[in-house]
Amino acid sequence: MAIWNLGSINIDHVYRMDKLPRPGETLAADSYSIGLGGKGANQSIAAAQAGAPTHHLGAMGQGDDWVIDRLQARGVDTTYILRLADQVTGHALILLDGSAENSIIIHPGANRALALSALENAMGAIRPGDILLLQNETSLQAEAARIARLAGARVIYSAAPFDLDALQAVMPEVSILAMNEGEAQQLFAAIREPLPVEGLLITRGAEGAEYRDLKTGQSWHQPAFPVTPVDTTGAGDTFAGYFAAALDRGDGIPEALRLASGAAALKVTRQGAGDAIPALSEVTDFLASTEA
Ligand code: ATP
């Protein structure tokens with residue numbers, strides 16, 4: 001089976017400085033680096049690195065060919081990524097101070113400009129048993145979910161960044177709803193009735209992760225692996241992509257949680273987002289070493 005991911009592609013411009021600028025203030029950065037990010041690109045890389053055939057759906061501007069090269073180098077099929085002439089590639093300006101506090105500006109650009117006809121064409125090959133990943137950084141989330149469900153695929157939706165209206169629009173088509181703790185709190189503060197999804201995946205940073213099967217009432221808790229965190233950016237995306245890939249290959253929930261938790265733990269020991277997502281062999285070595 002395959003994983004399809006309608007997801008954002010962002011170029012991360014990272015500026016490091018002693019302190020963040022206040023309104024009206026101009027500061028020189030101590031360093032600058034550029035990397036691949038966006039929740040969508042991160043989840044595609046994680047799923048592909050975990051071994052799932054992964055097709056990224058979505059859009060970029062023209063140019064920025066290194067982004068496509070890098071996704072391909074990490075195993076992601078980029079055939080269906082559209083290059084829009086009138087849009088720039090989504091990007092983030094990330095300011096980091098000495099204590100890892102940040103200020104971030106995201107310009108969605110092409111991520112929010114995909115046309116429905118193009119999405120329908122691209123999703124023509126989705127099959128029963130495939131998995132569609134979605135996050136809240138693109139247009140057409142509910143439409144993509146509907147196409148996937150009609151085709152007999154499952155839908156895993158990461159409600160991030162959290163937006164109740166976007167979530168309610170897509171939720172009837174969602175199989176598994178993935179959230180971090182803050183997103184889950186926002187959801188449960190707003191909605192009390194039973195959720196119309198099969199399962200809930202809730203990640204809690206260093207506290208681990210939980211999966212609740214809403215049909216049977218069964219739940220599983222996976223503790224986080226103890227590591228020294230360097231950069232937690234993309235931990236949730238690494239978890240979601242690895243978890244989806246594990247389900248795609250037929251793993252049970254406990255195995256999927258463990259694999260995803262190992263991958264996310266390794267990710268937080270590394271600086272960066274998409275570029276820092278570990279390969280499956282690194283994750284299996286790490287898991288084996290924690291059993292030793
Ligand atoms: P982000 O937005 O930074 O991508 P998130 O808020 O979506 O992350 P978290 O719940 O913070 O997601 O983390 C996802 C998973 O990553 C956790 O369930 C855990 O398995 C792993 N993880 C995160 N932080 C740590 C940590 N400090 N040590 C070990 N594992 C961690």
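Begin by selecting helices α1 and α7, whose crossing is right-handed, a term used when the near helix is turned clockwise from the far one by less than a right angle. Helix α1 covers residues 39–49, and the two pack at an angle of about 40° with their axes 7 Å apart, the axes being lines fitted to C-alpha atoms over the stretch in contact and the angles running from 0 to 180 degrees between N-to-C directions. The pair is therefore oblique, the word for angles outside the ranges under 35, 65 to 115 and over 145 degrees. Show the side chains next: the contact (heavy atoms within 4.5 Å) includes Lys39, Asn42 and Gln43 of α1 and Asp237, Thr238 and Ala240 of α7.

The model is predicted, with local features needing pLDDT of at least 70, side-chain atom pairs counting only at pLDDT 80 or more, and totals for chains, interfaces and linings using all residues. Residues are numbered from 1 along each chain as its sequence is written, and side-chain values use heavy atoms, leaving out hydrogens and water.

Now keep α7 (residues 235–248) and add α8 (residues 253–268), where the axes come within 8 Å and cross at roughly 150°, so the two helices are roughly antiparallel. Among the residues that meet here are Phe239 and Tyr242 in α7 and Leu257 and Ala260 in α8.

Finally, select the ligand, which 21 residues surround (each with a heavy atom within 4 Å of it), the closest being Asn180, Thr203, Gly205, Thr232 and Gly236. A polar backbone atom of Thr232 is 2.8 Å from an oxygen atom of the ligand, while a backbone N or O atom of Ala235 lies 3.1 Å from a ligand oxygen atom.

Notes:
Helix = DSSP H or I, 4+ residues; strand = E, 2+ residues; numbered from the N terminus. Polar contact = N/O pair within 3.5 Å; in protein donor to acceptor, adjacent residues only side chain to side chain.
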